[in-house]
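Trainee: I am new to this structure and would like a close look at one part of it. Could you pick a residue and work outward from there to its surroundings?

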Amino acid sequence: ARQLAEIYTGLRQARYVDVLNQLLTDSFKQLTGLARVMIYRFDEEWNGEVIAETVEPSLGSYLHLHYPAADIPAIARKLYEVNPWRYIQDAAAAKVDIVGLDPTHPLDLTLADLRSVSPMHVQYLVNMHVRSSFSIAIRLFDKLWGLVVCHNPAPTALPRSIRSLCYDLVIKYRFCLSEIITRENISRLDNHHRFVRGFFQA
């Protein structure tokens, strides 16, 4: 509880986006113990950039790397709109069918944590030497703004209680981020108005 209180206080006291981002990735790593934590931000065309990272030094850094929109396709982004997190304990685990009472109607697993991993995504994780993955959507101003993405080279059991804490942390981060962005926009607008007034008064 004390650790969480300190994390929340740090987020509230952050005055710059870069500081806030680093606090979030550091905190996620403390809570999950996963080897790499990144904030992945989308641009207007859904391309992504890693804008913050906390990582074990032996793994190398992905900070400031850019990825095409196809890496997280529209169908995956849409799923994040409905189910805010995705957790893969072991990407190499064998699939197990989930059978409903009525086999003629496939189960809707949109909100389930038990979804299997598509072969394409499995290969993507293999290429990055990742066995376990956990990601949470960051929604800002009613739009998918980015993701917190956590990777681990070994299979990792992440209790639901920890996943829920991380989700709560993202909600608090999102609130702090919107405040900083709004404050920066107001400051830029004020500076612009002062420039315009100075120009006409000169």
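## R163 and its surroundings

Mentor: R163 lies in helix α5, which covers residues 160-201. Keep in mind throughout that the model is predicted. R163 has a relative accessibility of 9%, and because the limit for buried is under 20%, this residue counts as buried. Setting aside the neighbours within four places in sequence, R163 is in contact with W85, Y87, D113, F134, I136 and L158.

Two of the strands in that part of the sequence, β4 (85-88) and β5 (132-140), also help to line the largest pocket, each with at least two residues. Strands β1 (36-42) and β6 (143-152) do likewise, as do helices α3 (74-82) and α4 (119-127). The space in the largest pocket comes to about 860 Å³. Its lining has 34 residues, and those closest to the centre are D71, A76, Y80, R86 and H121. Sorted by class, the lining of the largest pocket has 23 nonpolar residues, seven polar ones and four charged ones.

Strand β1 leads on to the aromatic rings. The structure holds six aromatic pairs. In one of them, Y40 with F42, the ring centres are 5.5 Å apart and the planes stand at 80°, so the pair is edge-to-face. Both Y40 and F42 are buried. Y40 also pairs with Y67; here the centres are 5.9 Å apart and the planes are at 40°, so this pair is tilted. Since Y40 lies in strand β1 and Y67 in strand β3 (residues 66-67), the pair ties together parts that are 27 residues apart in sequence. Y67 is buried, as is Y40. Through ring pairs, Y40 and Y67 belong to a cluster with F42 and W46.

Before β1 in the sequence comes helix α2, residues 17-32. Helix α2 has 16 residues and spans 22 Å from the first C-alpha to the last, close to the 22 Å expected at 1.5 Å a residue. Its buried residues are V17, L20, N21, L24, T25, S27, F28, K29, L31 and T32. A general point helps in reading such a list: an α-helix has 3.6 residues a turn, so residues three or four places apart point the same way. V17, L20, N21 and L24 are among the buried residues to try this on. After α2 comes G33, with a positive phi near 75°.

Technical notes
Residues are numbered from 1 along each chain as its sequence is written. This is a predicted model: local features need pLDDT of at least 70, side-chain atom pairs count only at pLDDT 80 or more; totals for chains, interfaces and linings use all residues. Side-chain values use heavy atoms; hydrogens and water are left out. Helices (H or I, at least four residues) and strands (E, at least two) are DSSP runs, numbered from the N terminus. The expected span of a helix is 1.5 Å times one less than its number of residues. Buried means under 20% relative accessible area, exposed over 50%, partly exposed in between (1.4 Å probe, protein chains only). On a 1 Å grid over the protein atoms alone, a cavity is a set of points where a 1.4 Å probe fits but cannot get out, and a pocket is an open set with protein on both sides within 12 Å along at least five of seven lines; lining residues have an atom within 4 Å of a point. Grid points are joined across faces, edges and corners, and a volume is the space filled by probe spheres set on the points. Ala, Val, Leu, Ile, Met, Phe, Trp, Tyr, Cys and Pro count as nonpolar, Asp, Glu, Lys and Arg as charged, and the others, Gly among them, as polar. Contact means heavy atoms within 4.5 Å. Rings of Phe, Tyr and Trp (its six-membered ring) pair if their centres lie within 6.5 Å; planes under 30 degrees apart count as stacked, over 60 as edge-to-face and the rest as tilted.
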